[in-house]
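Dear colleague,

I am passing on the structure we talked about, and below it you will find notes on its overall make-up and on a few places in the backbone that may deserve a look.

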Amino acid sequence: MRWVFIFVLAISLLAGNPFMGISYNESKEPEGIAITRVVDDSPAGIAGLENGDVILSIDGIPIHYRQELSEFLEDRLPGDLLELSVQRCTRTVKIPMILGNRDDYTGSMKQGGREIFPLDAAEIYPEWRADS
């Protein structure tokens, strides 16, 4: 049993982490994932996704919440072809996209799609020095 776990862990590490190259929030109307930032030369950028697009579904599976998107991506691998149903302005369009590997990218998007907080926060918030 232990060897099976090690094998599965090794395969998952070699496979990499699927990466779209977007920052996003949940959208109420329409219900889905609202794209707030698309990284240049990322899978999303290459596919033509734009800031303001709302992902309604991926491969026919409705995606309404951040957790649903995370869980969907956990079951995918870099190189997988996805079909996104996206609302852009008043139209719904289908956009094919091939997932990238997060390890192939640098900068803030490598940290999970969030901007990196400055390494030395004490320079921004001097009161933190007293607490440390």
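In what follows, helices and strands are DSSP runs, numbered from the N terminus, with at least four residues for a helix and at least two for a strand. Please keep in mind that this is a predicted model.

On those terms, the protein chain holds four helices and eight strands, and read from the N terminus on its elements follow the order α-β-β-β-α-β-β-α-β-β-β-α. Of the 132 residues in the chain, 36% are buried, while the accessible surface comes to about 8800 Å², with 55% of that area belonging to carbon and sulfur atoms. Among the contacts between residues at least 6 apart in sequence, 48% join residues at least 24 apart.

Turning to the backbone, the peptide bond that joins Glu29 and Pro30 is cis, with omega at about 0°, and Pro30 is found in the loop between strand E2 (22-28) and strand E3 (31-38).

Two further loop residues have a positive phi although neither is a glycine. Asp59, with phi at about 50°, lies in the loop between strand E4 (54-58) and strand E5 (61-62), and Cys89, with phi at about 60°, lies in the loop between strand E6 (81-88) and strand E7 (91-98). As for their surroundings, Asp59 has a relative accessible area of 36% and is therefore classed as partly exposed, whereas Cys89 is exposed, because its relative accessible area of 70% is over the 50% cut-off.

With best regards

Definitions and conventions:
Residues numbered from 1 in each chain as written. Predicted model: local features only at pLDDT ≥ 70, side-chain atom pairs only at ≥ 80, totals over all residues. Heavy atoms only, no water. Buried < 20%, exposed > 50% of the residue type's maximum accessible area, 1.4 Å probe, protein only. Contact = heavy atoms within 4.5 Å. Areas by Shrake-Rupley, 256 points an atom, 1.4 Å probe, with all protein chains shown as cover.
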